Amino acid sequence: MRAVAVFFACVLFCMVHKAALADDKTCNPTDFMVTQTITGLTIGGKQEFEVNLINNLYCAQSNVKVSCDGLHTTEPIDPHIIRPLSDGTNNCLVNNGAPISHATLVAFKYAWDVPPSFSIISSDINCS
């Protein structure tokens, strides 16, 4: 009987915790893990970098914007993965604005002299 009570208490805790996450519409830079590494290749005379972005938030995030200093590159990048915004902010839109689920990896490579930070600027939280 005690095991059943503990089980229901755990279920109730999880439901309340999930509801609290769904109500939290703030996005912190720590919700995305951004790593950038040098691949060792040279493309068009520039170092190639690989960038990985992973959503660490329990909920999906859409309209993810990162600082990208205009994203200069000598190597083509799929604009559906990342593209500079035309609003004069030097920021980029990730995943064409589509939702990025929890633990999903978005990756791309580019080649340039000075790597931008790709720090997270903003996103929309999509909890259901």
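Lys-46 sits in strand S2 of a predicted model. Its relative accessible area is 19%. The cut-off for buried is under 20%, so Lys-46 counts as buried. The side chain of Lys-46 has a polar partner: the side chain of Asp-113, at 2.9 Å. Beyond its neighbours within four places in sequence, Lys-46 is in contact with Asp-113, Trp-112 and Ala-111. Leu-41 and Thr-74 complete that set of contacts.

Now step back to the whole chain. One helix and seven strands make up its secondary structure. The helix comes at the start of the pattern, which reads α-β-β-β-β-β-β-β along the sequence. Among contacts with a separation of 6 or more, 70% join residues 24 or more positions apart. Of the 128 residues, 30% count as buried. The chain exposes about 7600 Å², and carbon and sulfur atoms supply 60% of that area.

Next, the interior. In soluble globular proteins, nonpolar side chains tend to be buried together. Here the largest nonpolar core holds 18 residues. Val-66, Leu-71, Ile-82, Phe-108, Tyr-110 and Phe-118 touch the most other members. Four strands each give two or more residues to this core: S2 (46-55), S3 (60-67), S5 (91-94) and S6 (105-111).

Val-66 shows how one core member is surrounded. Leaving aside neighbours within four places in sequence, Val-66 is in contact with Leu-53, Ile-82, Asn-91, Cys-92 and Val-94. Further along the chain, Val-66 also meets Phe-118, Ser-119, Ile-120 and Ile-121. Two of these partners, Ile-82 and Phe-118, are also listed with Val-66 among the core residues that touch the most other members.

Note on methods
Residues numbered from 1 in each chain as written. Predicted model: local features only at pLDDT ≥ 70, side-chain atom pairs only at ≥ 80, totals over all residues. Heavy atoms only, no water. Buried < 20%, exposed > 50% of the residue type's maximum accessible area, 1.4 Å probe, protein only. Contact = heavy atoms within 4.5 Å. Areas by Shrake-Rupley, 256 points an atom, 1.4 Å probe, with all protein chains shown as cover. Core = buried A, V, L, I, M, F, W, Y, C linked by side-chain atoms within 4.5 Å. Polar contact = N/O pair within 3.5 Å; in protein donor to acceptor, adjacent residues only side chain to side chain.
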